[in-house]
Amino acid sequence: MEDIMDVVVTVVKPLLLKIATHPAVKNLVISLLEKYVKSTDNSIDDQILETIKVLLFKPEEPKA
C-alpha cells in the first residue's frame, strides 16, 4: 500500500503545487488539516489550523 501512495504523491504533488493558490486547493488543504487535527489530543495544532484558515484566504497585499 505504501508503494501505491508514493506513486500517488509523486503524480499529484506537482499538479497541486501548480494550482496551489486556487481556492479549491486551499479548501482541500484545510480539510486535510482538520482531519489530522481531530486525530491528535493537543490544542496547539487546533490553534495553528485556525491561523492557517485565516491566512490562506487573506487577500494579498499589492506588490510594490
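**Note on the salt bridges of the predicted model**

1. E34 is partly exposed, with 28% of relative accessible area. The structure under review is a predicted model, and this note concerns the charged side-chain contacts in which E34 takes part.

2. The side chain of E34 forms a salt bridge with that of K53, at an N to O distance of 3.0 Å. This contact connects distant parts of the chain: E34 belongs to helix α2 (residues 23-38) and K53 to helix α3 (residues 44-56), with their positions 19 residues apart in numbering.

3. K53 has a relative accessibility of 27% and is classed as partly exposed, because values between the 20% limit for buried and the 50% limit for exposed fall in that class.

4. A salt bridge also joins the side chains of E50 and K53, with 3.5 Å from N to O. Both E50 and K53 are located in helix α3, three residues apart, or about one turn of the helix. E50 is likewise counted as partly exposed, at 44% relative accessibility.

5. How many salt bridges does the count give? The total comes to two. Through shared partners, these salt bridges bring E34, E50 and K53 together in one network. As a general matter, side chains of opposite charge can pair when their charged atoms come close.

Terms used
Residues are numbered from 1 along each chain as its sequence is written. This is a predicted model: local features need pLDDT of at least 70, side-chain atom pairs count only at pLDDT 80 or more; totals for chains, interfaces and linings use all residues. Side-chain values use heavy atoms; hydrogens and water are left out. A salt bridge is a side-chain nitrogen of Lys or Arg within 4 Å of a carboxyl oxygen of Asp or Glu. Helices (H or I, at least four residues) and strands (E, at least two) are DSSP runs, numbered from the N terminus. Buried means under 20% relative accessible area, exposed over 50%, partly exposed in between (1.4 Å probe, protein chains only).
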